[in-house]
Amino acid sequence: MCGRYSLYADMHFIQEEFVITIPKTLPQRFNIAPSQNVLVITSDGGTRKAEMHRWGLIPFWAKDPKIGYKMINARAETVDEKASFRGPLKNKRCLVIADGFYEWKREDKQKQPFHIRLKNRKPFAFAGLWDQWEQNGEVITSCTHITTRPNALMKDLHDRMPVILTKEAEESWLDPSIQDNEYLKSLLTPYDSEQMEAFEVSPVVNSPRNDVKDCVVPL
């Protein structure tokens with residue numbers, strides 16, 4: 001499960017890294033939580049587009065948008081089987097942009113938060129899906145992250161980790177002409193642990209109300 005992450009890299013650096021234009025100023029976020037608006041990248045097969053989607057996917061057919069609270073993650077192994085994700089896997093794939101994420105490790109009777117990021121400190125892309133829900137004039141565009149089995153770094157922290165796409169996989173994931181489920185699922189693998197690092201951070205991150213730099217400072 002990935003239930004909290006960060007994106008505090010400079011906006012211009014993000015634009016260069018993902019070859020996009022962000023139309024508005026992007027605030028630094030140190031503690032992004034479900035139900036909040038997050039930066040995603042979509043593509044029509046030619047032009048990439050930066051958008052803000054609500055984290056927690058609401059299927060277009062849902063009767064109640066509160067279902068999004070249960071849809072913050074999708075499992076890579078069954079993403080083509082679940083009704084909520086099967087359609088978006090075909091034609092509504094996206095990149096969810098981050099520069100780190102959090103996981104909690106149980107130590108004695110407490111849980112110690114860790115921040116996990118790439119060693120090169122660059123922003124990266126989670127494999128994501130999106131959908132648009134509309135009812136009584138209200139329109140919500142939402143997204144979810146896909147998770148997979150842990151790599152060597154993550155296995156001591158949790159039994160799941162978010163799918164971080166390589167640059168090559170990003171191109172394929174955004175290409176709407178690719179419709180083969182088995183190929184798409186082959187992209188949803190654990191990221192190279194040798195390129196990642198994890199470190200303990202302050203319990204201040206435990207509350208989503210604390211969206212401050214202290215959340216990402218190593219203890």
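For the cavity entry I count Ala, Val, Leu, Ile, Met, Phe, Trp, Tyr, Cys and Pro as nonpolar, Asp, Glu, Lys and Arg as charged, and the others, Gly among them, as polar. The model I am working from is predicted.

**Cavity**

I looked for enclosed space first. The count came to one cavity of 30 Å³ or more. I noted a volume of about 40 Å³ for the largest cavity. Which residues line the largest cavity? I listed Ser35, Arg54, Trp55, Gly56, Ile58, Pro65, Gly68 and Tyr69. By class, I have four nonpolar, three polar and one charged residues in that lining.

**Backbone: positive phi**

Ser35, one of the lining residues, came up again when I checked the backbone. Most residues other than glycine have a negative phi. Ser35 is not a glycine, yet I read a positive phi of about 85 degrees there. Where does Ser35 lie? I placed Ser35 in the loop between β2 (29-32) and β3 (37-43). Ser35 has 33% relative accessibility, so I entered Ser35 as partly exposed.

Asn136 went on the list too. I read a positive phi of about 55 degrees for Asn136, again not a glycine. Asn136 lies in the loop between β9 (124-135) and β10 (138-148). Is Asn136 buried or exposed? At 78% relative accessibility I entered Asn136 as exposed, because the cut-off for exposed is over 50%.

**Salt bridges**

Next I turned to charged pairs. I count 10 salt bridges. I looked up several of them.

Glu77 pairs with Arg160, and I have the closest N and O atoms 2.9 Å apart. Why does this pair tie together parts that are 83 residues apart in sequence? Glu77 sits in the loop between β5 (73-75) and α2 (83-91), and Arg160 sits in the loop between β10 and β11 (161-162), so the bridge joins those two loops. I then checked burial at both ends. Glu77 is partly exposed at 35% relative accessibility. Arg160 is buried at 8%, because buried means under 20%.

Arg121 forms a salt bridge with Glu197, and here the closest N and O atoms are 3.7 Å apart. This pair also links distant parts of the chain, 76 residues apart. I found Arg121 in the loop between β8 (110-118) and β9, and Glu197 in strand β12 (residues 196-200). Arg121 is exposed, with a relative accessible area of 51%. Glu197 is partly exposed at 23% relative accessibility.

Lys49 bridges to Glu51, with the closest N and O atoms 3.6 Å apart. I also noted a network of salt bridges that links Glu17, Lys167 and Glu170.

**Sheet**

Strand β12, which holds Glu197, took me to the sheet. I traced an open sheet of five strands in the order β2-β1-β7-β8-β12, with antiparallel pairing. Which strands stand at the edges? I marked β2 and β12. Each has a single partner strand, so one side of each is left without a neighbour in the sheet. On average, neighbouring strands of this sheet are turned by 30 degrees against each other, direction ignored.

I looked at one pairing in detail. Strand β1 (residues 5-7) pairs with strand β7 (residues 100-107) in the antiparallel sense, over two bridges. Which residue in β7 stands opposite Ser6? I found Gly100 there.

**Cross-reference**

Two entries meet at Ser35. I have this residue in the lining of the largest cavity, and I have its positive phi of about 85 degrees. The loop that holds Ser35 follows β2 (29-32) and leads to β3 (37-43), and β2 is an edge strand of the five-stranded sheet.

Key: Residues are numbered from 1 along each chain as its sequence is written. This is a predicted model: local features need pLDDT of at least 70, side-chain atom pairs count only at pLDDT 80 or more; totals for chains, interfaces and linings use all residues. Side-chain values use heavy atoms; hydrogens and water are left out. Helices (H or I, at least four residues) and strands (E, at least two) are DSSP runs, numbered from the N terminus. Buried means under 20% relative accessible area, exposed over 50%, partly exposed in between (1.4 Å probe, protein chains only). A salt bridge is a side-chain nitrogen of Lys or Arg within 4 Å of a carboxyl oxygen of Asp or Glu. Two strands pair if DSSP finds at least two bridges between them. Axes are lines fitted to C-alpha atoms, for helices over the stretch in contact, and angles run from 0 to 180 degrees between N-to-C directions. On a 1 Å grid over the protein atoms alone, a cavity is a set of points where a 1.4 Å probe fits but cannot get out, and a pocket is an open set with protein on both sides within 12 Å along at least five of seven lines; lining residues have an atom within 4 Å of a point. Grid points are joined across faces, edges and corners, and a volume is the space filled by probe spheres set on the points.
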